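This report describes selected local contacts, the nonpolar cores and an annotated domain, in that order.

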Amino acid sequence: MRTPRWLLPLFASLLMVSTAHAGRASDTALNALVEGAKASHSDTMLVLRDGKVLASYTKPGETPHAIEMMSATKSLVGLVVGRLVTEGKIKSIDEPVSDFYPEWKQGQKAKITVRMLLDHTSGLQNVPNTTVEIYPAPDGIKLALAAELSSPPGTRFSYNNKAMNLLAGVIEQASGMRMDHYIERTILQPMGIPGPAWNTDGGFDHAGHPYAMAGWKATAADAAKIGELVLADGRWHGKQLIDPAYIRAMVGQSQPFTPSYGLLWWRRSADRKMGVSAKAIDAMEQQGIDRVGLEKLRPLVPRTFTQPSELRPAFTQALGAELPTLAKDINAHGRGMDDLIEDRSGPIVAYEANGYLGQYIVVVPKAHLVAVRQIEADPSYDGKGPWPYGYDDFTARVIALARTYTSDLAVPSP
């Protein structure tokens with residue numbers, strides 16, 4: 001049925017009011033992101049929608065430059081494994097790691113697949129503090145190959161930098177070139193991102209292997225291109241760099257233990273919630289981990305938190321002087337304090353790469369948004385006083401901006 005002509009001006013005025021309201025809401029959300037960047041001492045922040053700049057911030061007195069992305073490097077490595085699968089150089093992510101390192105053909109390690117390195121379920125022993133084992137080790141790849149198992153492969157999610165670094169070796173074995181060179185040649189250069197890609201100050205082990213856990217350097221604009229590649233299902237300017245089926249698997253839930261992780265990409269909800277897991281406490285007590293400390297955390301189980309920054313004081317208050325003892329014992333058993341946390345969030349609406357100090361690449365598919373935040377270490381910070389780096393609610397603010405464009409942000413399950 002046709003709309004009567006006399007109603008058209010009314011509909012037009014309503015549309016104008018709606019659009020103006022959305023514009024004001026978007027401006028408010030963008031201003032909140034910029035003000036948050038300033039308040040958190042960010043070096044850079046960039047927000048794109050449909051490839052166009054909505055907001056750009058650079059700390060006064062600075063010019064845009066490459067900043068190490070810390071653990072957001074992992075998410076780039078996840079994409080590069082997808083490139084190898086696309087090229088057929090890795091049969092599938094369920095290919096055994098022993099195909100590349102035959103010394104793992106025997107015993108439980110024969111069960112470890114490339115997927116398990118990508119989703120932190122390999123079971124390899126790991127000390128979360130990288131300064132204890134990884135950085136002092138002569139060869140990060142050999143360190144991972146020699147690691148014992150702390151749990152059977154594929155049975156537990158545990159964030160694992162040591163296992164992550166083995167991917168640098170897998171990529172080199174599969175591609176025939178050093179990981180950072182392969183990344184530059186097959187992903188970064190086709191996207192117009194200049195090299196060298198890896199930080200020469202701390203991005204390589206003593207044997208000359210690039211770390212896969214960290215080390216990638218990028219400007220905010222170049223980091224945003226990586227987010228746009230994910231947004232475009234692996235396609236860049238008409239060329240399919242990565243199979244879209246791999247991209248969908250990468251951002252989907254990759255294992256049954258936590259819905260918030262894919263293949264080296266975090267999955268975020270609009271109503272991010274987390275809490276202390278009773279099951280994790282029980283499991284750690286069965287391992288013989290500091291029972292006194294764990295029982296002090298049990299009263300926190302009914303509480304729900306929205307940001308990691310809320311958990312830190314809660315842990316400190318609950319544990320008191322027991323905190324370092326518990327943390328040390330958990331680490332000695334190849335686990336981390338993060339293993340005590342469970343995700344209680346709602347539907348997934350965004351994908352996130354993040355790294356130490358608060359490096360972020362956030363992708364909100366339904367709103368066609370990509371946002372980047374970067375910060376460099378402050379050499380004057382001596383560890384005393386308030387933490388000067390974090391922007392814990394950056395992703396939440398990006399999602400709030402996305403909601404001003406569309407109310408339905410939930411992404412479909414792959």
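In this predicted model, T186 touches R83, E87 and L241, leaving aside residues up to four places away in sequence. T186 belongs to helix α6, which spans residues 179-188. Within the chain, the side chain of T186 also reaches the backbone oxygen of Y182, at 2.7 Å. Is T186 buried or exposed? T186 is buried because its relative accessible area is 10%, and the cut-off for burial is under 20%.

The nonpolar interior is described next. In soluble globular proteins, nonpolar side chains tend to be buried together. The largest nonpolar core here has 78 residues, and L167, W216 and I226 are those with the most contacts inside it. Helix α5, residues 161-175, supplies the largest share of this core, 8 residues. Another core, of 24 residues, lies apart from it and includes A29, A350, A367 and L409.

The contacts of two residues discussed here are listed below, not counting residues up to four places away in sequence.

| Residue | Residues touched (up to four places away in sequence not counted) |
|---|---|
| T186 | R83, E87 and L241 |
| L167 | V77, V81, V114, L117, L118, A212 and L264 |

L167 thus appears both in this table, with V77 and L264 among the residues it touches, and among the residues with the most contacts inside the largest nonpolar core.

At the level of the chain, UniProt lists residues 33-372 in an unreviewed entry as "domain: Beta-lactamase-related". Over residues 33-372, the chain is 34% helix and 14% strand. The end C-alpha atoms of that range are 11 Å apart.

Definitions and conventions:
Residues are numbered from 1 along each chain as its sequence is written. This is a predicted model: local features need pLDDT of at least 70, side-chain atom pairs count only at pLDDT 80 or more; totals for chains, interfaces and linings use all residues. Side-chain values use heavy atoms; hydrogens and water are left out. UniProt positions are given in the numbering used here, feature names are shortened, and annotations may be inferred rather than shown by experiment. Helices (H or I, at least four residues) and strands (E, at least two) are DSSP runs, numbered from the N terminus. Buried means under 20% relative accessible area, exposed over 50%, partly exposed in between (1.4 Å probe, protein chains only). A polar contact is a pair of N or O atoms within 3.5 Å; within protein, one must be able to donate a hydrogen and the other to accept it, and residues adjacent in sequence count only if both atoms are side-chain atoms. Contact means heavy atoms within 4.5 Å. A nonpolar core is a set of buried Ala, Val, Leu, Ile, Met, Phe, Trp, Tyr and Cys residues joined through side-chain atoms within 4.5 Å.
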